[in-house]
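Subject: The structure, and what turned up in it

Hi there,

Here is the structure I promised to send over. Please open it alongside this email, so that you can follow along residue by residue.

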Amino acid sequence: MIRTISPNPNRANFGRCSACNVRSLSICGALDQADLAEFERIARHIHVTSNEALFTAGQIAHSVHNLTAGIARLYKLLPDGRRQIIGFALPGDFLGTAPSDRYGYSADAIGSVSVCRLSREAFTHFIAQRPHFLLRINEFAARELMLAQEQMLLLGRRTAEEKIASFLVGWRERLAHIGDERQTIALPMSRQDIADHLGLTIETVSRTLTRFEREKMLVIVAGGVRLLDATRATAMAAA
């Protein structure tokens with residue numbers, strides 16, 4: 001169930017944004033204290049439970065979303081009903097911007113997720129008054145384009161082994177970017193999610209991970225994998 005914590009319009013500074021652990025990783029990192037207070041005034045803090053939708057492709061894009069905790073699954077449904085996962089959003093990612101008035105993809109929660117949700121109208125007005133903020137948003141748009149290009153390459157002329165190695169290495173780098181540098185690469189998404197992201201079958205994903213384990217490139221552990229031969233995995237990812 002989606003739970004909303006509404007801002008208090010009578011307070012100038014509520015402190016939640018100032019204390020946010022991912023502020024430096026998000027679009028908010030470009031805001032000073034006065035702008036941050038205004039940003040928090042127009043934001044709603046939303047908590048979403050596992051598998052609940054943040055928004056759905058084709059819906060009118062009334063809101064934008066700043067992910068503050070948890071992981072979201074981003075996907076499109078193909079005409080034949082198959083699902084193509086286009087990415088996984090981490091804390092600090094900005095979701096829901098659309099060139100048209102409707103969302104171009106769907107986003108739902110993997111486990112519990114928290115976001116700051118802002119109405120598109122309020123956010124557009126906020127940006128219009130702060131041109132410098134556009135630089136930060138452009139940085140995020142450029143990163144999103146780079147990830148889309150990498151996804152196109154990933155789905156191209158690569159073997160299943162190269163796809164899975166590339167996913168693991170890339171995911172480890174993204175986790176490190178948000179401060180998670182544990183030896184174990186956390187994989188909260190299901191193997192079916194990984195398969196739908198890489199254009200593979202779940203059987204191929206499971207079989208390949210098992211082969212990697214047998215060849216001592218990694219070990220499968222609860223909640224993820226631990227790379228034993230990161231050099232080989234990186235070389236496969238770069239192929």
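Below I go through the aromatic residues, then the helix packing, then a few single residues.

One thing to keep in mind throughout: this is a predicted model.

**The aromatic residues**

The count of aromatic pairs comes to 9. A good place to start is the pair formed by phenylalanine 39 and phenylalanine 126, which is edge-to-face, with 5.6 Å from centre to centre and 70 degrees between the planes. Phenylalanine 39 belongs to helix α1 (residues 33–42) and phenylalanine 126 to helix α2 (residues 120–128), so this pair ties together parts that are 87 residues apart in sequence. Are these two rings buried or exposed? Phenylalanine 39 has a relative accessibility of 0% and therefore counts as buried. Phenylalanine 126 is buried too, since its relative accessible area is 2%, and the cut-off for buried is under 20%.

Phenylalanine 126 has another partner in phenylalanine 133: the ring centres are 5.5 Å apart and the planes stand at 85 degrees, so this pair is also edge-to-face. Phenylalanine 133 counts as buried, at 0% relative accessibility. Put together, Phe39, Phe94, Phe123, Phe126 and Phe133 make up one aromatic cluster. There is also a charge to look at here: the charged end of arginine 130 sits over the ring of phenylalanine 126, at 4.0 Å from the ring centre.

**How the helices pack on α6**

Next, please turn to helix α6 (residues 202–214), which packs with helix α5 (residues 191–198) at an angle of about 105 degrees, the axes being 8 Å apart. An angle from 65 to 115 degrees counts as roughly perpendicular, and α5 and α6 are therefore roughly perpendicular to each other. On the α5 side the contact is made by Arg191, Gln192, Ile194 and Ala195, and on the α6 side by Ile202, Val205, Ser206 and Leu209. Sorted by type, the residues of this contact are 5 nonpolar, 2 polar and 1 charged.

Helix α4 (residues 160–177) packs with α6 as well, at an angle of about 75 degrees and with the axes 10 Å apart. That angle makes α4 roughly perpendicular to α6. Which residues make the contact between α4 and α6? From α4 they are Ala160, Glu161, Ile164, Ala165 and Leu168, and from α6 they are Thr204, Val205, Thr208, Leu209, Arg211 and Phe212. The contact of α4 with α6 divides into 7 nonpolar, 2 polar and 2 charged residues. If you compare the two lists, Val205 and Leu209 of α6 appear in the contact with α5 and in the contact with α4.

**Some single residues**

Asparagine 66 lies in strand β4 and is buried, with a relative accessible area of 2%. Leaving aside neighbours within four places in sequence, asparagine 66 is in contact with Ser26, Ile27, Cys28, Gly92, Asp93, Phe94, Ser114, Val115 and Cys116. You will recognise Phe94 from the aromatic cluster.

Leucine 90 is found in the loop between β5 (83–89) and β6 (94–95), and it counts as buried, at 3% relative accessibility. Leucine 90 and alanine 72 are 18 residues apart in sequence and 6.8 Å apart in space, C-alpha to C-alpha. Not counting residues up to four places away in sequence, leucine 90 touches Leu67, Gly70, Ile71, Trp171, Arg174, Leu175 and Ile178.

Glutamine 59 is in the loop between β3 (53–55) and β4 (63–77), and at 39% relative accessibility it counts as partly exposed. Leaving aside neighbours within four places in sequence, its contacts are Asp101, Arg102 and Tyr103. Glutamine 59 and glutamine 84 are 25 residues apart in sequence and 18 Å apart in space, C-alpha to C-alpha.

Lastly, there are two residues whose backbone may catch your eye. Asparagine 51 has a positive phi of about 75 degrees although it is not a glycine; its place is in the loop between β2 (43–48) and β3, and it counts as exposed at 53% relative accessibility. Lysine 216, which is not a glycine either, has a positive phi of about 65 degrees. Lysine 216 sits in the loop between α6 and β9 (218–221) and is exposed, with a relative accessible area of 62%.

Best wishes

Notes. Residues numbered from 1 in each chain as written. Predicted model: local features only at pLDDT ≥ 70, side-chain atom pairs only at ≥ 80, totals over all residues. Heavy atoms only, no water. Axes fitted to C-alpha atoms, helices over the stretch in contact; angles between N-to-C directions. Helix = DSSP H or I, 4+ residues; strand = E, 2+ residues; numbered from the N terminus. Parallel < 35°, antiparallel > 145°, perpendicular 65-115°, else oblique. Contact = heavy atoms within 4.5 Å. Nonpolar A, V, L, I, M, F, W, Y, C, P; charged D, E, K, R; others polar. Phe/Tyr/Trp six-rings, centres within 6.5 Å; stacked < 30°, edge-to-face > 60°. Buried < 20%, exposed > 50% of the residue type's maximum accessible area, 1.4 Å probe, protein only. Lys NZ or Arg CZ within 6 Å of the ring centre and 35° of its normal.
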